[in-house]
Amino acid sequence: MNRSRTPFVTLLLGLLLAAAPAFAQDNGRDPGAQPGAPTPDNGPGATEDSGSRSDVSTRDQVVNDDQIVVGSSCVGLDCVNGESFGFDTVRLKENNTRIRFFDTSSSASFPSTDWQLTANESSNGGLNMFAIEDLTSARRPFLIEASAPNNSFWLDDSGRIGFGTAAPVVELHSVNGDSPTLRLEQNGASGWTPQTWDMVGNETNFFIRDVTNSSQLPFRIRPGADTNALYIDGDNDIGMGTNSPAGPLHVKRGSSDVMIVDANGNMTIGGILIEASNRELKTDFRPVNGESVLRKLDELPVLSWRFKTEAPGTRHYGPVAQDFYRIFGLGSSDEHVSPLDVNGVALAGVQALRDQNVSQSRRIAELEAENEQLEARLARLEALVSGLTAQPEAGNE
């Protein structure tokens, strides 16, 4: 018989050989194998290591073409004949299920990181989880623990992310039954001092919590706070109750300006300036010598002037801080004068002047009394003189 084959016969044999693994029988023989015929596993010179088996169903299969499975596929040591797939299209079934992405790129200009989808840790007592692992860097950037709540992470079709919700309405939407919280934790891994902050919102307030320092609450906003309750302008001016602060600090209630501090440090208030003066806040009391205060006041230059930042027509009366501090030694600086100290000096001076006035009034009263006595004596003398001058001379009678 002629041993040559027609192209058609060659093609047919090739297709049958490629499809042979799909027709492997449970008896472990290749299709068409004859009794006693050598096989790759039991033929002359063949060896078997600990991982090889004689069953053809366990051999590696190389498909040099596209492979299409019409139905479902099970991969893993625990897959069984007659596997019930339900709606599963691809199933991994064994005690360590992994899908590894092994990148064989060898050029330095191409990415080559190996990745893995991992279901559950393989160690005893390990986590029940699903993870994406960066095998090249030995890192696990994404992990979901078993029994995580519904909608723990939701990315909708607009790119909005929901935490605890399947209906995020903003770019990042967190839902929780009690005080949704965002924690910002600097853990010291980069050498900086550890510090943890929380941003929390609930029915009582929105607040920032300093977890590291006894969970203090340095910033809080109560529900119902007005629009522009706190407003920071583009030039760093701060408005309270206004979105157009007229200075570095502008406090407004309704249409009334409560306080404005301008860029030069001038403060305008819409009410009364009240300074703390409670006795319980003070100590080291000492008497004041009013006469000394008056003498010092006499030394204090009181000038007319204006601040350099003010318009030329603006005028003020008063001392400069350097003179006031040099003469009275009050306050903690020779660059500022406290209204409290000015008022104290004025009151001490007024009291000293009152004491002088009382003393002078007493002296005036004494002098007036003496003057009245002298006037009375003078009147008697005048009367006596007048009587004497009115008598006729004896020699003329």
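**Exercise 1. Describe the surface and the overall make-up of the chain.**

The chain exposes about 31500 Å², of which carbon and sulfur atoms supply 53%; such accessible areas come from the Shrake-Rupley method with a 1.4 Å probe, and for residues only the protein chains shown count as cover. This is a predicted model, in which local features need pLDDT of at least 70 and side-chain atom pairs count only at pLDDT 80 or more, while totals for chains, interfaces and linings use all residues. Residues are numbered from 1 along each chain as its sequence is written, and side-chain values use heavy atoms, with hydrogens and water left out.

Turn next to the secondary structure, which comes to four helices and 20 strands; helices (H or I, at least four residues) and strands (E, at least two) are DSSP runs, numbered from the N terminus. Of the 397 residues of the chain, 12% count as buried, where buried means under 20% relative accessible area, exposed means over 50%, and partly exposed lies in between (1.4 Å probe, protein chains only). Finally, among contacts in the chain with a separation of 6 or more, 12% are accounted for by residues 24 or more positions apart, a contact being heavy atoms within 4.5 Å.

**Exercise 2. Work out how strands E10 to E13 are arranged, and place Met 199 among them.**

Begin with the order: four strands form an open sheet, E10-E11-E12-E13, with antiparallel pairing, and two strands pair if DSSP finds at least two bridges between them. E10 and E13 stand at the edges with a single partner strand each, so one side of each is left without a neighbour in the sheet. On average, neighbouring strands of this sheet are turned by 15° against each other, direction ignored; the axes behind this value are lines fitted to C-alpha atoms, for helices over the stretch in contact, and angles run from 0 to 180 degrees between N-to-C directions.

Then look inside the sheet, where E11 and strand E12 (residues 206–210) pair in the antiparallel sense over five bridges. Met 199 is found in strand E11 and stands opposite Ile 208 in E12. With 33% relative accessibility, Met 199 counts as partly exposed.

**Exercise 3. Identify the nonpolar surface patch and the strands that contribute to it.**

The patch covers about 740 Å², and its members are Leu 182, Leu 184, Trp 197, Met 199, Phe 206, Phe 219, Ile 221, Leu 230 and Met 240. Patches are made of residues with over 30% relative accessible area and no salt bridge, with like charges joined within 9 Å and nonpolar side chains (Val, Leu, Ile, Met, Phe, Trp, Tyr) within 5 Å. Strand E10 (181–186), strand E11 (195–201) and strand E13 (216–221) each supply at least two residues of this patch.

**Exercise 4. Trace three salt bridges and state how accessible their partners are.**

The structure holds 13 salt bridges, each being a side-chain nitrogen of Lys or Arg within 4 Å of a carboxyl oxygen of Asp or Glu.

1. Asp 114 and Arg 100 meet through their side chains at 3.6 Å, N to O. Because Asp 114 lies in the loop between strand E3 (97–101) and strand E4 (115–119), while Arg 100 belongs to strand E3, the pair ties together parts that are 14 residues apart in sequence. Asp 114 is buried at 10% relative accessible area, whereas Arg 100 is partly exposed at 46%.
2. Arg 140 forms a salt bridge with Glu 133, and their closest N and O atoms are 3.7 Å apart. Here Arg 140 is partly exposed at 34%, whereas Glu 133 is buried at 14%.
3. Arg 363 and Glu 366 meet at 3.2 Å, N to O, and both lie in helix H4 (residues 339–390), three residues apart, about one turn of the helix. Arg 363 is partly exposed at 42%, and Glu 366 is partly exposed at 38%.

**Exercise 5. Examine two residues other than glycine that have positive phi values.**

For Ala 138, phi is near 55°; this residue lies in the loop between strand E5 (129–134) and strand E6 (139–145), and at 71% relative accessibility Ala 138 counts as exposed. For Asp 284, phi is near 60°; this residue is found in the loop between strand E18 (267–269) and helix H2 (290–299), and Asp 284 is exposed with a relative accessible area of 53%.
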